[in-house]
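Biologist: I am new to this structure and would like a close look at a single part of it. Please pick one helix, describe its surroundings, and then go on to whatever connects with it.

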Amino acid sequence: RDHAYLSVLDSLFEHHPNAIGIFNDQGKFIRMNHAAETILGYPVAELMHRAFTGIVTEEQLKQTEWHLQQSRNGLPYTFETSVHHQRGYRVDLHVTAVPVDIHHHTKGNILICEDITESKRSDEQVRYMAYYDDMTGLPNRRLFKDHLNEKLRQFKENGQKVAVFYLDIDRFKLVNDSFGYDYGNMLLLQLAERFTRCLTEEDFLARTEGDEFAFFFSNVEDANDVMTVIAEINRVLEKPFLLEQYELHVTASIGVAISSEDTDEADLLMKYADIALARAKEKGRNDFQIFNNDMKSVSI
């Protein structure tokens, strides 16, 4: 009867659709089923007596080691991790780690791993579509606002300032009307690449709509700092843009709003930068304006 019972367990183990591995007290494979070979891409012989953590991706390694240790301490544990497939790509796994007595006084684990790579990828795709501009790959207005709010909260405690720059490309409509939307898109891609050269790790760039880009800078506190940043933006715009056989010179209008005690919300700071941008356009092209309180009384 025991033999029949073990035979059923063996059959369940071998034919289970999830990857199952049995590990000794050192975390090394001592048995794995056919699904594990399929999902991980390694033949049994190649993984036998190797540690599971040896195929875990670097960014998940510490956390996975901690989860496995918790399981060896006697509690079943579920967690997510990612491993390197034998061909080199990442496989995302939902893992249930169950402690098990292998021999008298020797504890190991059984890991039951469900491949969740596709659902993770689709989650990432949904997130990408929600927070990134599809054409340039830059963050969109929503992500810009989220990061700006976070930065404002962080800086409120130490009194640092954040400056938001709204930038519009002068005569951009003319590019679309004269050359067509493909050329307009080509120009936007090149602009996105050039604008990233103006950033440090503390700064942020987004394409908010059409030909409008938004930056925030963490080291801009006054008009002199604004002039320095605008000189850098103009410098990256100086060189003509190549749109296949055409060379195009581009200028930009820029509105700037610097945070203060009464602008601790991204929405308001972005609104002020937008008002300053409208003023810069009224003055003519290739110009900038810094938001001030006079604009507030007229515009709000």
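Modeller: The account below begins with one helix and its contacts, then follows a link from that helix to another part of the chain.

This is a predicted model, in which local features need pLDDT of at least 70 and side-chain atom pairs count only at pLDDT 80 or more, while totals for chains, interfaces and linings use all residues. Residues are numbered from 1 along each chain as its sequence is written, and side-chain values use heavy atoms, with hydrogens and water left out.

The helix is α6, residues 141-158. Helices (H or I, at least four residues) and strands (E, at least two) are DSSP runs, numbered from the N terminus.

Consider the neighbour α5, residues 117-131. Two packed helices are described by the angle between their axes and the distance between the axes. For α5 and α6 the angle is about 85 degrees and the axes are 6 Å apart. The axes are lines fitted to C-alpha atoms, for helices over the stretch in contact, and angles run from 0 to 180 degrees between N-to-C directions. The angle makes α5 roughly perpendicular to α6 (under 35 degrees is roughly parallel, over 145 roughly antiparallel, 65 to 115 roughly perpendicular, and the rest oblique). On the α5 side, Arg127, Ala130 and Tyr131 make the contact; on the α6 side, Arg142, Leu143 and Asp146 do. Contact here means heavy atoms within 4.5 Å. Sorted by class, the contact has three nonpolar, no polar and three charged residues (Ala, Val, Leu, Ile, Met, Phe, Trp, Tyr, Cys and Pro count as nonpolar; Asp, Glu, Lys and Arg as charged; the others, Gly among them, as polar).

Next come the salt bridges, each a side-chain nitrogen of Lys or Arg within 4 Å of a carboxyl oxygen of Asp or Glu. The count for the model is 18. Glu150 pairs with Arg153, with the closest N and O atoms 3.2 Å apart. Both residues belong to α6 and are three residues apart, about one turn of the helix. Glu150 is partly exposed at 43% relative accessible area, and Arg153 is partly exposed at 48%. The cut-offs are under 20% for buried, over 50% for exposed, and partly exposed in between (1.4 Å probe, protein chains only).

Lys151 pairs with Glu202, and their closest N and O atoms are 2.9 Å apart. This salt bridge links distant parts of the chain, 51 residues apart: Lys151 is in α6, whereas Glu202 is in the loop between α8 (181-195) and β7 (204-209). Lys151 is buried, at 11%; Glu202 is partly exposed, at 40%.

That loop leads on to strand β7. Five of its six residues are buried, so β7 is largely enclosed by the rest of the structure. Five bridges join β7 to β8 (residues 212-217), and the two strands run antiparallel. Strands pair if DSSP finds at least two bridges between them. Glu209 has Glu212 of β8 as its bridge partner. The hairpin of β7 and β8 has two residues between the strands, and Gly210 takes a positive phi near 40 degrees there.

For comparison, helix α10 (residues 266-283) holds Arg279 and Glu282, three residues apart, about one turn of the helix. These two form a salt bridge with the closest N and O atoms 3.9 Å apart. Arg279 is partly exposed at 24%, and Glu282 is exposed at 63%.
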